[in-house]
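Subject: A structure to look through, with notes

Dear colleague,

Please find the structure that I promised you just below, and have it open on your screen while you read my notes. I have tried to explain each term where it is needed.

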Amino acid sequence: MEKNFKKIAVISFEAGSAEIISNYLKNKDLKKYIFFLNKITKKIFKKNGIDKKYFKKEINEKLVKKIIFGASYDCKEINLISQLKQNINTECFLDHWVFYKKRFSLKRKVFSPNKIIVFDKFSYDLINKINFKKTKIFLRKNPFISNLKKRVQIQQNNDKTVIFLNNVNFHNGNNKIYISNKLLIKKTISILDKKDILIKLHPANDKKVYSNYLKKFKNLILIKKDNLENILSISNLIVSNNSQILQLAKIFKIKNINIIKGRNNIIPRKYLDKVVKI
């Protein structure tokens with residue numbers, strides 16, 4: 001009989017919002033939820049304690065009373081929601097800080113969910129610049145960061161440098177905001193005098209591509225056990241390109257460097273120790 005009760009559908013196709021939503025749902029009654037995910041976000045939700053038995057392939061909208069969703073850059077979530085015929089309440093958990101207008105664009109119009117929840121003041125100010133018709137915007141505490149604080153144990157005498165890669169093409173240098181991961185790695189090597197540098201892949205990166213490339217460098221080590229709290233616990237310096245990890249580094253008092261193209265820094269300056277321009 002339980003399957004006939006209306007449930008809350010979670011639609012998530014992007015790593016950043018997947019971390020926030022899955023951490024928000026910890027200690028919730030998961031029998032009230034159903035999940036529509038892709039290959040990348042399934043790994044994140046399972047890692048954060050969501051049993052795969054709740055994962056579904058198709059939405060029966062007659063059995064859905066509310067939708068919680070992330071907003072990815074290619075708008076896959078809102079495209080899926082827009083195809084539903086039922087008028088269902090929608091709530092977006094929005095991660096940081098880029099392409100906000102694009103993420104809510106649908107057929108050259110602004111897609112207006114019932115609620116958007118953001119998790120820092122900078123995001124709140126940015127999203128309020130968009131002319132939504134009916135959307136209420138809320139600023140809340142970030143459940144991902146709150147749970148991470150409970151698990152990270154910063155070790156004394158840390159000496160590890162970690163490059164956090166992005167969800168970009170390995171070679172692509174045409175993006176206005178992000179540099180290619182290959183360029184990020186090369187620039188980091190050129191500015192740091194370090195014997196060993198750890199490489200943390202983005203969940204969307206192809207491990208085979210990077211494993212083959214990193215063999216060319218004696219001082220680059222690919223992190224195999226992909227556990228964020230352990231990586232933060234041993235890090236002395238984190239390098240990335242316009243990634244939220246730089247904010248996390250600042251929160252945990254780890255030095256950070258943002259390597260950017262020209263003036264294209266999207267990270268609030270208060271979260272950065274150093275900016276290096278290419």
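A residue is called buried when its relative accessible area is under 20%, exposed when that area is over 50%, and partly exposed in between, with a 1.4 Å probe and protein chains only. Helices (H or I, at least four residues) and strands (E, at least two) are DSSP runs, and they are numbered from the N terminus. The model is predicted, so local features need pLDDT of at least 70 and side-chain atom pairs count only at pLDDT 80 or more, while totals for chains, interfaces and linings use all residues. Residues are numbered from 1 along each chain as its sequence is written, and side-chain values use heavy atoms, with hydrogens and water left out.

A good place to begin is helix α1 (residues 15-24), which is mostly covered, since 9 of its 10 residues are buried. Among them are Ala-15, Gly-16, Glu-19 and Ile-20. Contact means heavy atoms within 4.5 Å, and what covers the buried residues of α1 includes β1 (7-12), α2 (39-47), β3 (64-69), β4 and α6 (143-151). The N-terminal end of α1 is capped by Glu-14, which has a side-chain oxygen 3.0 Å from the backbone nitrogen of Gly-16; a polar contact is a pair of N or O atoms within 3.5 Å, where within protein one must be able to donate a hydrogen and the other to accept it, and residues adjacent in sequence count only if both atoms are side-chain atoms.

Next come the sheets, for which two strands are said to pair if DSSP finds at least two bridges between them. One open sheet is formed by 6 strands with parallel pairing, in the order β2-β1-β3-β4-β7-β8. Because β2 and β8 stand at its edges with a single partner strand each, one side of each is left without a neighbour in the sheet. From one strand to the next the twist averages 20°, where axes are lines fitted to C-alpha atoms, for helices over the stretch in contact, and angles run from 0 to 180 degrees between N-to-C directions.

Within this sheet, β1 and β2 pair in the parallel sense over 5 bridges, and Ile-11 stands opposite Phe-36 in β2. Helix α1 lies across β1, β3 and β4, running at about 115° to β4, whereas α2 touches β1 and β2 and makes about 140° with the direction of β2. Further along, 3 bridges join β4 (residues 89-93) to β7 (residues 115-118), with Phe-93 opposite Ile-117, and 4 bridges join β7 to β8 (residues 136-139), with Lys-115 opposite Lys-136. Strand β7, helix α5 (residues 121-127) and β8 make a right-handed β-α-β unit, which is to say that, with the strands pointing away from the viewer, the path from the first strand over the helix to the second runs clockwise.

Another open sheet, again with parallel pairing, has 6 strands in the order β11-β10-β9-β12-β13-β14. Its edge strands are β11 (220-222) and β14 (274-277), each of which pairs on one side only. Strand β10 (residues 197-200) is joined to β11 by 3 bridges, and the bridge partner of Leu-198 in β11 is Ile-221.

Two residues in this part of the chain deserve a look. Is Lys-200, in strand β10, buried or exposed? Lys-200 is buried, with a relative accessible area of 10%, and what it touches includes Val-162, Phe-164 and Asp-226, leaving out residues up to four places away in sequence. Leu-184, in helix α7, is buried with a relative accessible area of 0%, and its C-alpha atom is separated by 38 Å from that of Glu-58, 126 residues apart along the chain.

Finally, a nonpolar core is a set of buried Ala, Val, Leu, Ile, Met, Phe, Trp, Tyr and Cys residues joined through side-chain atoms within 4.5 Å. The largest has 47 residues, and those with the most contacts inside it are Phe-35, Phe-45 and Leu-232. Apart from that core lies another, of 26 residues, including Leu-84 and Ile-127.

With best wishes
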